[in-house]
Amino acid sequence: MTTFNPEKLAKFFQRSLNALPQPYLSGLPNHLSLIYFVVAGLDLLDKVDVLDAQKQEIINYVYSRQILPSNDNPEHNIENCGFRGYNFIGEDFCKCDSNKLFNDNAECPPEFDLPSTPNTYCALLILKILGDNYERVNKEAIIKSLKFRQRSIDGACSGSPHVGDYDLRHLFTASAVSFMLDDWSAIDKESAIKYILSCLSYEGAFGQTPKQEAHGGPTYCAIASLTLMGRLDVLEPFKEQLLFWLAKKQITGFSGRTNKDPDTCYSFWIGASLTMLNRYDLVDFPSIDAFITSAQHEAIGGIAKEPGTLPDIMHSYLSIEGLSFGNHPSVQQILPALGLSKRAAGKNWVDILDNK
């Protein structure tokens with residue numbers, strides 16, 4: 001395409017909400033992230049009202065993914081509370097009444113059905129975008145469950161209790177959940193900050209874990225976590241080197257690592273990082289705009305990783321987030337530390353994060 005077409009992109013998102021190609025089946029454990037890309041994408045395009053007829057159905061579906069504590073013993077299974085992306089035993093919905101905060105029937109779900117902080121993060125964002133007030137979110141159980149994710153030895157976080165990778169992705173989503181639920185009691189901030197700094201590479205940006213190559217995604221996670229904690233000050237000793245690394249990732253679009261080709265998704269990861277550091281002025285935005293537009297598929301409407309390839313919902317969503325940083329007229333403004341439109345976030349969150 002020679003010009004960005006928000007109408008075709010909105011239709012691509014709408015189609016994706018109801019039916020996805022077979023390759024997406026491998027992403028079902030993170031099903032809420034797929035719904036988030038679609039709902040948040042329509043929101044950024046100011047088209048979320050097209051979901052009005054489905055809104056309550058989507059909200060109920062999100063709540064059906066919530067793992068609740070036992071009614072008889074609220075501490076039983078508490079480490080597994082939160083949201084899962086999909087029900088691993090194959091049931092469409094849990095057996096509890098999703099219109100109630102607590103389950104009055106059978107345990108929901110069994111202990112082996114695990115939550116993850118990324119899915120909990122996406123669930124809370126979807127609910128916020130659709131105007132839900134979190135009334136049915138068991139906030140206490142979620143916060144208690146987060147205590148089982150942070151490792152005492154170094155401050156790193158995992159996505160699920162006692163299992164999986166410990167890295168900056170999960171520390172970020174745990175920070176975002178704590179911010180959105182306005183309760184940081186589960187996170188040792190100082191330990192988390194030490195872990196973030198331990199992931200700093202010799203290039204001046206952040207790797208996924210200590211001693212790994214600097215990468216745009218983990219660098220975003222580090223900066224966003226510090227923004228949510230109100231601790232961007234810890235970046236001051238190496239801020240100039242960090243800004244240099246970020247700015248040098250622009251080729252036409254942004255690349256994610258040194259000597260890599262540009263990829264539309266880094267219009268968000270790198271663009272958001274520069275925005276949180278108040279230096280998006282270092283970006284040649286017309287080149288970003290042109291690269292993203294060239295990756296929009298003429299027939300399908302979505303945006304691909306790079307021009308000439310098939311689009312997907314993740315790159316489509318992250319691309320339009322990237323366009324928002326350059327004040328694109330077809331895209332709403334976002335809070336980069338959350339990946340949420342300012343409209344959906346509301347004045348309180350905007351005031352807090354815009355002043356970090």
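# Pockets, rings and turns in a predicted model

Both Phe-37 and Tyr-317 are buried, and they offer a good place to start reading this structure, which is a predicted model.

A pair of aromatic rings is described by the distance of the centres and the angle of the planes. A search of the whole structure finds 15 aromatic pairs. One of them joins Phe-12 and Phe-13, whose ring centres lie 6.1 Å apart with 55° between the planes, a tilted arrangement. Phe-12 is buried, with a relative accessible area of 7%, and Phe-13 is buried as well, at 0%. The rings of Phe-37 and Tyr-317 also form a tilted pair, because their planes meet at 35°, with the centres 6.0 Å apart. This pair links distant parts of the chain, since Phe-37 belongs to helix H2 and Tyr-317 to helix H12, 280 residues apart. Both residues are also members of a cluster linked by ring pairs, which includes Tyr-36, Tyr-121, Phe-172, Tyr-220 and Trp-269.

Two rings have a charged group over them. The charged end of Arg-65 sits over the ring of Tyr-61, 5.1 Å from the ring centre, while the charged end of Arg-151 sits over the ring of Tyr-166, 4.2 Å from the centre of that ring.

Empty space in the model can be described next. Rolling a probe the size of a water molecule over the atoms shows where empty space is left. The two pockets of greatest volume are set side by side below.

| Pocket | Volume | Lining residues | Lining by class |
|---|---|---|---|
| Largest pocket | about 740 Å³ | 27 residues | 16 nonpolar, 9 polar, 2 charged |
| Second largest pocket | about 480 Å³ | 20 residues | 14 nonpolar, 5 polar, 1 charged |

Which residues lie nearest the centre of the largest pocket? They are Phe-37, Pro-118, Arg-169, Trp-269 and Met-314, and of these Phe-37 and Trp-269 also appear in the ring cluster. Six helices each supply at least two residues of the lining of this pocket, namely H2 (31–44), H4 (117–129), H6 (168–180), H8 (216–229), H10 (266–276) and H12 (313–324).

In the second largest pocket, the residues nearest the centre are Leu-17, Asn-18, His-31, Ile-35 and Tyr-61. The elements that give two or more residues to its lining are helix H1 (6–18), H2 and helix H3 (55–64), and H2 provides the largest share, with 4 residues.

Helix H8 deserves a separate look. At 1.5 Å a residue, its 14 residues should span 20 Å, and the C-alpha atoms at its ends are indeed 20 Å apart, so the two values agree. Because 14 of the 14 residues of H8 are buried, this helix is largely enclosed by the rest of the structure. Just after H8, Gly-230 takes a positive phi of about 70°.

Positive phi values also occur in residues other than glycine. His-162 has a phi near 70° and is found in the loop between strand S3 (158–160) and strand S4 (163–166), where it is exposed, with a relative accessible area of 57%. Lys-211 likewise has a phi near 70°; this residue is found in the loop between helix H7 (189–198) and H8, and at 87% relative accessibility it counts as exposed.

Is a loop residue such as Leu-68 buried or exposed? Leu-68 is placed in the loop between strand S1 (66–67) and strand S2 (82–83), yet its relative accessible area is 4%, so it is buried.

Note on methods
Residues numbered from 1 in each chain as written. Predicted model: local features only at pLDDT ≥ 70, side-chain atom pairs only at ≥ 80, totals over all residues. Heavy atoms only, no water. 1 Å grid on protein atoms, 1.4 Å probe; cavity = no way out; pocket = protein on both sides within 12 Å on 5 of 7 lines; lining within 4 Å. Points joined across faces, edges and corners; volume = space filled by probe spheres on them. Nonpolar A, V, L, I, M, F, W, Y, C, P; charged D, E, K, R; others polar. Expected span 1.5 Å × (residues − 1). Buried < 20%, exposed > 50% of the residue type's maximum accessible area, 1.4 Å probe, protein only. Phe/Tyr/Trp six-rings, centres within 6.5 Å; stacked < 30°, edge-to-face > 60°. Lys NZ or Arg CZ within 6 Å of the ring centre and 35° of its normal.
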